[in-house]
Every structure is written in C-alpha cells, then in structure tokens.
Amino acid sequence: MAPGATVLVVTGHLVWPSLRADDRFTRDVIDGLVCLLGPDAVDLAVLDGHAAGPAADALAASGVEVTVGPADWAGWLRSRWGRYSHVVVTGDALRYPVISWLGDSQPSAAKVGCFDHLAWRTVRSRTGFVDPDEVEGLDLLAGAEQRNLAVVLSGFDAALCSARVDAGWVASAAGIPAYVMSPRFTVPKIDPSYAERSGLVVFASSGYDISAGSEDAALMSLEAAGRLREAHPDVAVSVIGDRLSPRVKRAAAGLDARLVAEAGVAGCLASSRLVLLAGRYGTATVGPLLAAVDARTPVVATSAVAASAGVDLMAEPWCSDDGASMSTIARRLLDDETTWVRYHDRVDSYARRFETPGARDPRSLRGAVTLDAGALGGLQSLLVDLGVDAHLRSPAGTVEKRPPTGARSAGMEASEMTAPPLRPGRSTPGLGDIDGGPAHPEDPDARYRVWQAAHAPTPEDLDAIAADALRQEDPPTVSIVVAAGDAKPESLAYTVESVRTQVYPRWELCIAADGTAIDVAGASREKDERIKVASGGGLREAYGLASGDYVAFVEPGGLLQAHALAQVARWVGADPALDVVYSDDDTIPASGGARDRAARAGVHVKPDWSPDLLMSTNYIANLVVYKRSALYAAGGIPEVEVSAFAYDVALRVSELPGRVGHIPEPLFTAPARPTTPARPTAPEKPTAPGRSTAAEKPTAPGRSTAAEKPLAPEMPATPGEVADSAVRALGEALERRRVDGTVEPGTAPGTYRVRYHIAGAPKVSIIIPTHNGVELLRACVESILERSTYLHYEIVVLDNRSDEAETLEYLARAPFRVLRYPHPFNYARQMNLAAASCQADALVFLNDDTVVITPDWIEAMLEHAMRPEVGAVGCRLYYPDGRVQHEGILSGTVGWAWNIDHRGYFSRGDVIRNASSVTGAATMTRPGVFFRVGGNDEDLRIAYNDVDLGQRIRQAGYRIVYTPYAELFHCEGGTRGRWEHPHDGVRFGKRWEPRSHVDPYYSPLFERDRPFVLAV
C-alpha cells in the first residue's frame, strides 16, 4: 500500500444480512477493501444511522473505524480535512450532496463511485408494463436519472460496477475508467441432496422498485405456489421477508406458509428444493437470485428476473412469465429428481466460477468466503491503477457474526404484536361499522356511561378472563407498589380494596405509609397475607418490598378494575418480550359522587406505543406495569422528585430493547383532579386572509389557553413542580440517549416540547408541483421567501403542462429552478422526478396551494427529519377559514385514510407525536429514506400515494412524526380540484385493505366514522 494511504467508504445504509442486491454489493466492496488493504486502512461512514446496527458493530470489531449517522456530515468531514487518500462512495449515498462535502474536505483524494445497478435502468425497464400514454413520462424520468448520474460521475476519478453493461455506460458517459467486480458467493458447508430437501421458497423482501413492484412479484410467486398446492397439497411453502405488506401476509396465511426473516435465509434455502422468483421489472429480485445461487437451490423465475440479474444462469425452460406456467415448471422440479439434479449441478457450476482456492480469511464478515487477489478482480485492478499496493493480507483475528435477537425494539409498532382479545368470546369493540341502532348521547361522559353498560365484563367474563390468565405455564406475579405517605385513610382504603377484589390471584400489594395511613395498611395486611407494609411512606420503601415478576406503581385513591391484573397477565403471557404494558384509564368525576365504578368519567383512550408522544407528555400513565428485570436494568428507583417519578421511569424503561404493549381498555380509575376540566375543547381558529399579495401575511392560528387543556396524569404535585421535574427528566433522557437538544414547556399544561439541535446547515430542497394558477404558486413561493427564517434551502418548481401566459411568464423569470413534465398528470412520478434531480440533505414536498404561517416552519420539521430513526415529518395545516385540516393521517377509519383534526382531544394536535402517515401536501423526508423505500408508487397516480409512502416508510422500520410547530394554510385542491384516478383507490385498497387495518395511533374503542367518539 502506498505510504499513508487511507480509504474512506461512504454508504447510505448498512443492513446485513440483507437480500437487497445493492446491500450485497456494498458488503462485497467493504469486505474486499478490508482483505486487500487491512482493516486499519479502511474507515466507514454510514450516512443513515438508523440502518446500521450489528453490521457496523461487526466491522468495528474487525478494526475498521465506523462512524454512523452524524447529522452534520459536512462538518464531520471538514474535521478530517485531507485525511484520506481515496474515497469510495456506494450508489445509494449519491442521493446526498456527498460530492460537494468530499470536494471541500478531501480535495486531493481519489474518488471512486460504486454501482450495483444504475437507477435509470430500473425506471426504463418499466416501459413495457405501462399504458402507452405513460411511456413518455417514464422516459423523461429515466432520462433525468441518467443525466443527473452523468453530472455526479464527473466528480469521480473512477467507477466500480457489478455488471459489465453498467461499466460500459459509465465509461462512455462520464469519461472515467470503469471496473467490474463480479458478485461473490458463499460456499455452503453442506449442500443437501434432492432427498434431503423439501418444500419451496417465495421471496417477499423489498427492493428499489419505484412502484413497490416487489409486492407484485411476491403475490405472483404465491399465486404459482397456490396452483402448485392444488396438485401437491402437502408441499411446504416458506415466505422470506422481514416486513411484509398486509396483502402478502394474507396471501401467505392462505397457504399456511412459514414466515422466515431475512436473517434465516441461508438455512431456509439450503433445506428447500425450489425457489419461485417472480418480477416484471426492476432490481428487487437480484439479491434473492444470488442468495439462491449461494445455496445451490434451483430457481423458477420470470424472464425479467434473468434480464435484471445480468447473469447467464437463467434460460428456458426455467423461465415463465405467468403463475400458471410457473407452477407447471415447478411441479417438474419437485417431482423429477433427475431434472432437479441437472438444474442443481448447473447452479453449482455457475457459482463455482466465482470461487478461488485458498485459505479461508476469518476477517471476512461473510465468514465462509474464500478470498485471494484473483477473486476480487476489478476491485484490486482499480486500486492498483489508483496507486494503491493492494494485495491479500494475512488473516488477523476472527470476526464473529452477531446472532439475530428475538426481542424487537420498543420503537416497533404495537399493532405488530400478538395479543389476546380484550375479552374471551367477545369481538374487540369498535372494530366494526356502526349502522343504525338506537341513538346514543353525544355528551362524552354520558356516552362513556353507556359504553360502560355495554362493555362492562359480566361475572362470567371475569371468570373466563382469570382462567385464561392462569392457563399459561408460569403465570406472572404482579407487585402493586403504593407510596401512601400520609394519604387520607379513605383514599388508601379504596385502592387496597380494588386490589383485593382482583379476579387474578397472583399479586402482592406493597404499601409504604406514615401517619394514619399506616393504620389502614396494617389492618389490610391482617386480612390478606399478600399485602406487605413498610413505614416511611416513600417509593423506595414500598418498592423494596416488591418481589413480583412485574411491578405497577399506583397512587393512593386510584382504583384497579376487577380484571385489570388478569388482562395484564394475559398480555405478557402472549408476548414475553414485553417490558412495559399500559392501559387506558378514566377518572372519578371532580364533582364527587360515590367511590365506585359506576361513577367513572373522563375516559382517556390512548394510542398504541408512540415514543415521540411520550417525549411530549406522560400519556401512558395509569395503569403502567413494568417487567421488574427491566426496571432493574433501567436503574431502579431514581433519586428524583416524586412528581417526576412516573415520567422518569417510563422514559428510562422505554429506552431498553424490549417492547411496549397497550391494552385498549380503561383498567384504572384515577382520583379526581380539580385542575382537570371535564373535557378538553378545541382552540378557536382564525380565517385565513386573502392571498392576492405577498404583503398580506396570515396570522398564525391562536393557541389555546392553559385552562382549555387537560393536565397529563402525574403523581400528586403542584403544576409548577410537575413541569419543572418533568423537564428535568426529559433533559436527562436526552443525555442518556446522547441526543443534542433542549426541553421547554409545551402549549398545554402537562405537555412539553423537545427541541432537537440541527447540526450544521443541512441543505433542504423544497419541491413544489404546479399547473397554471400562478396566483397560488406566487403566494406559496413568496411566503417561503419572506417568512422562512431558515436560509439554506432551494425551491424547485415542477411544472406540468402550464399554458397560461401569466404562469409561463412568472416561471420564466422566477428566482428558482424549474423542471418541466409535459406529460399526463402523475403526481407520484412528478415528485420522483423532482426528488431525483436534487442533491440535498432533506426533501420537502409542498403543494403550490399552501402558504407559510410560522417563520421557523423549516426548522420545526428539519429537527425531526434529521433524526436517524425518523423517516418522514408532517405539519399542521389549516383550511383558509382557519379550521384544522391536517394533524396527521388516520388509516382504517372513514374511507381508506383521513386527514385528521383531533379537536383538542387530550391536546393530541398540540404535541409532537407519531402518526401512521402524513399528507403529501407538506412532508419532509431524507432522500436516503425516500429512495430506499422506492419513492412514490407511480401506479398511485394522484391519490393515496402519500399514505402508501407512509406505510412503506413505517414497514422499513422508521417513525413518522407530526409536529404542530410548523403551520401552513392549505387550500386543498386549489390547483386541480378534488379528484382522483379510479385506479388509485382500487390499488391502494388491495394492498392495504385499510378497513381491516387498525391504525396503531387510533384506538379500536373509537368509532370509525366519527374520530375520537366512543363506539357504543
């Protein structure tokens, strides 16, 4: 190696194991550099910090310096000015403004671009599968991708490709040397014979298909498997994929298929006899094809798969373009051993062309790969030509693969969890439509009394729930911890009695009390040996008595419903990975009344796990049950004020890798809060002013006063004490998570705003589609230019067939970049086109009929968009008359999806929280996230593409965040009116079936057709 030579590899993501073709190529490049240069000579930068994990840890253990996810990459590189002699950039990182960063910080470094596939080829391959009037639009998108790539390549000194055809184009278009590194294959330790294999495999992993084509491919393969089942009822089917769409899940369930995570793909393939691999276009099937070759498993695929893979393995008669003939070919391979062996030998022969004899290199992350200089081919030649002495290094230590963990992150959606129904023998309330029936009161508390009468468990229900909870092998013991202090004796007595009457017997009540309260506790202990008592009255004294598997902290005066602990036991029994379980709750009316369950009112119906909502308010309080081992791992009882205890514990335990479960049923009744109004009310909204001139600045809608909002449930304390200690607890949470931010009170009591620091000056591209209607576009653009306090942005207007003279004149002299899309309107494709033309850290998709209200709207969205775990950010939109139009999108409610106005329900519209989707009228996302999930599905031409994008972003493991601190007016349909292509709803409905999809942030206790109204 040349003296002082150091290589920096820049990649957008690092997900291993992965079936994506670009992931495999990135892995090959990094492995090859480590083996040729040694780990000390290789540094790795992963731009998307959310997509790293075990792979980054394994590389770091091998000696590679790994940096994951700094928000300010430009600053990070400047701090290493001139450090690197060579920089290698993988294709997905090119969506970021990485070339300008590298040019400023590493001016003398040789720069190499690595391409598994060229994005424009993926787009071009779709032209044979769309309507004739769509072809020109696709050609425009493909051409734009092609031109943009040529411009980007001009900043490189060389390129490395996985296919010769791509290398030829790169060399011709950019005039730089292009090298080829063929894919490497693993050598299986055991290659089972025909008799030792059984069943078939269908791949359903996602890929770079810009119209979610991987789902279509999986469904076609499952269709072929279904036809095969008709002749072979006993054939086993395995479906491989980490995050399957609901439609694929339903198809797999119809075949009683086994679902296999991508981490288990090697073992599954090696034991299977056949792979069905459909696909009409794109590159999503390349990774699965190479994985099948690794395992020497025959493949029946469509002709498009063979073409996109760029290998000469696939040919007649093993290719088929419809499910019927695919199943016929598959039957031959399953039944005829001679035919199967012949195809298997062909696969084995093909794979061995990429193997080279030699000693195993234990540094390889792939473990079983045999490497020498010849095996790395084009990579070694490229390095030598760039002046690097690249040769295979001697082995130096073993890198062990981290085994996949079974526990899912607390950030996963609770809707993915398996949990028992609310009550045996009853359907979950609120899941069906309500048609007709008797009239119900509209007063919320009166309606809740009707709901209680309809859904209160009968004695038979209680017996069945308790029996179900005790049916598990080792029913858990729940410790109820009460720091009574010198509470009123009657309040403590109410709490003790509610625990003693639980239908679930495996509990213990741990009370610490002083004064007259200890007399009540002592008398209760004499009645039931499960009650433990300590003097002192503090949380530490009470918690010290607990010995149960799970712990709940209850304040004196709180009441547990008779089946509360039984429901908790059933939930944790169904999913032992749960570290936290919380339920809905209600209150005893402030006016007093009998202390019994009939007096309950003010029900708080909560969403499923929403980590950003928890950073805004302690919404999970009452009833919350923690796994005791998780409490211990989180540090036990903190040394903080009592008023912040519940919040602090919730924050600390939720940071653990376990999961959080939500029981959608009010199982706890809190004592009355005089400061809490009976029902929150929505703030008044002003009417938007006219938009004729830019000087007419709209006034931000007024926020509600403190008296209009309910206090979040907290331990007893004054509001000032609660706020101060909660702000402190949130600040400590940021420190533990190593997040740079500050905390301040929110706009409603009991709520808070975490301001995340924006590192550096990320470039923001604001993409605005338009068609005539210059007055709308002008008002939008000028509101951005005049009011925005963030300055590092560009405006990109995408014009679709404008023909009005005034509009054309404005576009001709406008101080922003203008793109033209002179083809039939396809919103999804237009946004993909504009996004592909941008080199930015964040993309904003903004309708031209919006007007900015809050000057710091970009900062309010950007602070979340740059968080690695967040995939998209939405804001609060108002109609011109001041009514709220959008505070997030609900799925599975009215129609297929609905822009929601929370109408003040527990201040949900006034706090930062998670949502299932946000409207495309004003959305911010990172380009790495947008293109990783395939961008907008262009088959959803007008409607539902934003909801579909949100669903796919969440399926990829990212969060979607709504913030009320970015506010805009939106004249919905101002440019083209309110209409949609009839095809859009049909496609969206088939993919997601939202009438059977419960939004994790919308309780099944609510009506579908009237948000936040109890279904009775």
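Buried residues account for 61% of the 1016 residues in the protein, which is represented here by a predicted model. The secondary structure comprises 33 helices and 35 strands. Of the contacts between residues at least 6 apart in sequence, 76% join residues at least 24 apart. The exposed surface of the protein is about 36,600 Å², with carbon and sulfur atoms supplying 53% of it.

**The seven-stranded parallel sheet**

Seven strands, in the order β3-β2-β1-β4-β5-β6-β7, form an open sheet with parallel pairing. The edges are taken by β3 (65-68) and β7 (178-180); each has a single partner strand, so one side of each is left without a neighbour in the sheet. On average, and with direction ignored, neighbouring strands of this sheet are turned by 20 degrees against each other.

Within the sheet, strand β4 (residues 86-90) and strand β5 (residues 110-115) run parallel and are joined by five bridges. V88 stands opposite V112 in β5. Helix α1 (residues 21-37) packs on the sheet and touches β1, β2 (42-46), β4, β5 and β6 (158-161). The direction of α1 makes about 170 degrees with that of β1. Helix α7 (residues 164-174) lies across β6 and β7 and runs at about 175 degrees to β7.

T6 is found in the segment before β1 (7-11). Its relative accessibility is 18%, and because buried means under 20%, T6 counts as buried. Leaving aside neighbours within four places in sequence, T6 is in contact with A41, R83, Y84, S85 and H86.

**Backbone features in loops**

Two residues that are not glycines have a positive phi, as listed below.

| Residue | Phi | Loop | Relative accessibility |
|---|---|---|---|
| D256 | about 55 degrees | between α9 (246-254) and β10 (258-260) | 66%, exposed |
| S907 | about 60 degrees | between β32 (897-899) and β33 (913-914) | 1%, buried |

Are these two loop residues buried or exposed? D256 counts as exposed, because its relative accessibility of 66% lies over the 50% cut-off. S907, by contrast, is buried, with a relative accessible area of 1%.

A further backbone feature concerns the peptide bond from N622 to L623, which is cis, with omega near -10 degrees. L623 is found in the loop between α23 (611-614) and β20 (624-627).

Key: Residues numbered from 1 in each chain as written. Predicted model: local features only at pLDDT ≥ 70, side-chain atom pairs only at ≥ 80, totals over all residues. Heavy atoms only, no water. Helix = DSSP H or I, 4+ residues; strand = E, 2+ residues; numbered from the N terminus. Buried < 20%, exposed > 50% of the residue type's maximum accessible area, 1.4 Å probe, protein only. Contact = heavy atoms within 4.5 Å. Areas by Shrake-Rupley, 256 points an atom, 1.4 Å probe, with all protein chains shown as cover. Pairing = 2+ DSSP bridges. Axes fitted to C-alpha atoms, helices over the stretch in contact; angles between N-to-C directions.
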